[in-house]
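Dear colleague,

Please find below the structure that I am handing over to you. My notes on what was found in it follow directly after.

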Amino acid sequence: METLSSLICAENLTKTFGWQRALREVTFTVGRGACLALLGANGSGKTTLMRILAGLSRPTSGKATVGGWAIPQEAAHVRPNIGFIGHQTLLYDDLTALENLLFYATLYGVPRSDAERRAADLLGRVGLGRRATDRAGTFSRGMGQRLALARALMHDPAVLLFDEPYTGLDPSGAAFLDTLIAEWRGAGKTILLTLHDLTRAAALCEGALILKSGRLVAEVAAGGMMTLPARFAEVTG
């Protein structure tokens, strides 16, 4: 049940693909300003759930709200408040790094003067300031992921939905993202991210949701994050 303090609310979310049930009556809430890890083995339903919350996929049954807006019925109102990173970077290879960010700024209605300043700042923050005029198609997987992070933040969203954001990042890039997530938490962003690294999840997040075969099988509160690896093995083994 959604409350004034919850920003994301899922109630009995179910998603089927033919005979396969990817999600089975998943119910949870994420409080404003919370940072939660979404955990589970490959095929547990994490990506399906994230795509539904981002308004990119429709649930078969159940409902979800983000900031009080219903998904998918009011997805047009939700998307401007969400920064989403999925398995695809959603970048245009023929555009430069800067052009990619300015294009997405236009889609989200960011004024041109603000967009140029914000794009330059974000490119510097993600370590791509010197590659601003290089085409995205020339970037490595890790550099593309850094640019995708900047893309997701161009409109200063309140909610960050990150599906395996560490994919393709080298150790320095991963450490840099750790720092950014800590900063975003401090700025009051609401963050839900999927991870396979339980140690990193325990260090970055204040709680966790654990999926198994499409079901939410455990919720780990802040006090239980230090025992997360053992808890994860217990409920998924």
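A residue counts as buried under 20% relative accessible area, as exposed over 50%, and as partly exposed in between. Arg131, at 27% relative accessibility, is therefore partly exposed. Please keep in mind that this is a predicted model.

Salt bridges

The search of the whole structure returned eleven salt bridges. In one of them the side chain of Arg131 meets that of Asp134, with 2.2 Å from N to O. Asp134 has a relative accessibility of 25% and so is partly exposed, as is Arg131 at 27%.

Salt bridges with shared partners also join Arg118, Asp156 and Lys189 into one network.

Two further salt bridges involve helix H4, which covers residues 112-125. Within this helix, Arg117 pairs with Asp114, and their closest N and O atoms are 3.9 Å apart. Three residues separate the two positions in H4, which is about one turn of the helix. How accessible is Arg117, and how accessible is Asp114? Arg117 reaches 53% relative accessibility and therefore counts as exposed, while Asp114, at 34%, counts as partly exposed.

The other salt bridge is formed by the side chains of Arg125 and Glu183, at 2.3 Å from N to O. This pair links distant parts of the chain, since Arg125 belongs to helix H4 and Glu183 to helix H6 (residues 171-186), 58 residues apart. Arg125 has a relative accessible area of 32%, so it is partly exposed. Glu183 is likewise partly exposed, with a relative accessible area of 39%.

Helix packing

Two packed helices are described by the angle between their axes and the distance between the axes. Two such pairs are reported here, and helix H5 takes part in each.

The first pair consists of helix H3 (residues 97-107) and helix H5 (residues 141-153), whose axes come within 9 Å and cross at roughly 25°. Angles under 35 degrees count as roughly parallel, and H3 and H5 are therefore roughly parallel to each other. The crossing of H3 with H5 is right-handed. On the H3 side the contact is made by Ala97, Leu101 and Tyr104, and on the H5 side by Leu147, Ala150 and Arg151. By class, this contact of H3 with H5 comprises five nonpolar residues, one charged residue and no polar ones.

The second pair is H5 with H6, packed at an angle of about 15° with axes 12 Å apart. H5 is therefore roughly parallel to H6. The crossing of H5 and H6 is left-handed. H5 contributes Arg146, Leu149 and Leu153 to the contact, and H6 contributes Ser172, Gly173, Phe176, Leu177 and Trp184. Five residues of the contact of H5 with H6 are nonpolar, two are polar and one is charged.

A buried residue in H3

Is Ala105 buried or exposed? Ala105, which lies in helix H3, has 1% relative accessibility and so counts as buried. Apart from its neighbours within four places in sequence, Ala105 is in contact with Val110, Ala115 and Met154. For a sense of distance across the model, the C-alpha atoms of Ala105 and Ile210 are separated by 34 Å, and the two residues are 105 residues apart along the chain.

Backbone geometry

Most residues other than glycine have a negative phi, and most peptide bonds are trans. Three places in the model are worth listing against that background.

- The peptide bond joining Ile71 and Pro72 is cis, with omega at about 5°. Pro72 is located in the loop between strand E5 (69-71) and helix H2 (75-78).
- Asp156 is not a glycine, and its phi is positive, near 50°. Asp156 sits in the loop between H5 and strand E7 (159-163). With a relative accessible area of 47%, Asp156 is partly exposed. Asp156 also belongs to the salt-bridge network with Arg118 and Lys189.
- Ser213, also not a glycine, has a positive phi of about 50°. The loop that holds Ser213 runs between strand E9 (207-212) and strand E10 (215-220).

With kind regards

How values were computed: Residues are numbered from 1 along each chain as its sequence is written. This is a predicted model: local features need pLDDT of at least 70, side-chain atom pairs count only at pLDDT 80 or more; totals for chains, interfaces and linings use all residues. Side-chain values use heavy atoms; hydrogens and water are left out. Axes are lines fitted to C-alpha atoms, for helices over the stretch in contact, and angles run from 0 to 180 degrees between N-to-C directions. Helices (H or I, at least four residues) and strands (E, at least two) are DSSP runs, numbered from the N terminus. Angles under 35 degrees count as roughly parallel, over 145 as roughly antiparallel, 65 to 115 as roughly perpendicular and the rest as oblique. A crossing is left-handed if the near helix is turned anticlockwise from the far one by less than a right angle, and right-handed if clockwise. Contact means heavy atoms within 4.5 Å. Ala, Val, Leu, Ile, Met, Phe, Trp, Tyr, Cys and Pro count as nonpolar, Asp, Glu, Lys and Arg as charged, and the others, Gly among them, as polar. Buried means under 20% relative accessible area, exposed over 50%, partly exposed in between (1.4 Å probe, protein chains only). A salt bridge is a side-chain nitrogen of Lys or Arg within 4 Å of a carboxyl oxygen of Asp or Glu.
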